[in-house]
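Here are some notes to read beside the sequence and the 3D view. Please keep both open and look up each residue as it is named.

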Amino acid sequence: MRKLMVIGILVLLFFPETTLAQEVYSPEQMEIDLQGIQNKYELDVQIIGQTEKGKNIKAVKLGKGKKTIMLVGSHHGREWLSSKILMSMLEDYAAAYRAGKPVEGYPSRSLDEVSIWFIPMLNPDGVSIQQGDLSNLNILEKAAVWKMNRYSKNWSRWKANAKGIDLNRQYPAGWKEVMSHETKPTYQFYKGEQPLEAAEVKALAEFTREIDPLIAVSYHTSGREIFWHYKNKRENMARDYGIAKKTSELTGYELTFPEKEAVGSGFTDWFITEFSRPGMTIELSYLVDETNPPLTVFPEEWKRNRLVGIMLVKEAMQVHNK
């Protein structure tokens, strides 16, 4: 094992890491964009925790409303397209809100009643690794992630955080029932030794409890589907289906229907069961294999998703009033 570790270190030393051939949306670019938006619109930006490697996880509030909804991106390293979508949504809505203009018929002033919390990139460590940037890791950590990547330098398939935990398999709802052949840290599908183990997941769960959102959405990137149901209470089925259906009509994404043996442990699975409120997992892009969708798909996905957040603000007002 020690010999293999030494070989791994030598490989990583003599063959410098490379980024993906295509253009990417990196954590560094997101920080630049976020700083610009914060300065321009004077938004409330909070640090809700740190990643396993000490990077700040940021949440941005848009609106004056005490009631809120939450939109989360990049649980997975290879799903950074979701971060770009949310950052574009944040900037678009912020401009409309300051100008007092509607967003294609949806009044931006509804944000005075229900604010949106954006968490654009929950897993910046994983995104950096997926993009071939290992500069935040020391030599031993580089060798460790190389091992977790099955000794491949194809980083584009990386989903996990820096410790090899799949963040969207870390939530308590259904965690025990989730079966996987991955029993130790790796680039995807390892659920950890216990729920809420990963620093990123713990931070998001605590923040969610703190702000108590009326609706929560987790954006992912593969398949143009919407998952909206995980053991919903019978009395909430019609309400949640109605919101999911409106989201499906806006995006043109397929609306999945409940499976009797649905497997949980995802963020919205936990939100639905913990809060008894609407939660959706929205999958951007056409179906891709173990990699990220190309950035060239962004214009199409942005067109489909531009109105989702502001539409959900309206729906949240109705959820609150019932």
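1. An open sheet of 8 strands, with mixed pairing, follows the order E1-E2-E4-E3-E5-E8-E6-E7; strands (E, at least two residues) and helices (H or I, at least four) are DSSP runs numbered from the N terminus, and two strands pair if DSSP finds at least two bridges between them. At the edges lie strand E1 (44–50) and strand E7 (254–255), each of which pairs on one side only.

2. This is a predicted model, in which local features need pLDDT of at least 70 and side-chain atom pairs count only at pLDDT 80 or more, while totals for chains, interfaces and linings use all residues. Residues are numbered from 1 along each chain as its sequence is written, and side-chain values use heavy atoms, with hydrogens and water left out.

3. Strands E6 (residues 225–227) and E8 (residues 279–283) run antiparallel and are joined by 3 bridges, and Ile226 has Ile282 in E8 as its bridge partner. Met280 is in contact (heavy atoms within 4.5 Å) with residues including Ile226, Phe227 and Trp228.

4. The axes of helix H2 (residues 27–41) and H3 come within 11 Å and cross at roughly 10°, the axes being lines fitted to C-alpha atoms over the stretch in contact, with angles from 0 to 180 degrees between N-to-C directions. That makes H2 roughly parallel to H3, a term for angles under 35 degrees. Among the residues that meet are Leu34 and Ile37 in H2 and Leu90 and Ala94 in H3.

Notes:
Parallel < 35°, antiparallel > 145°, perpendicular 65-115°, else oblique. Lists of a residue's contacts leave out its neighbours within four places in sequence.
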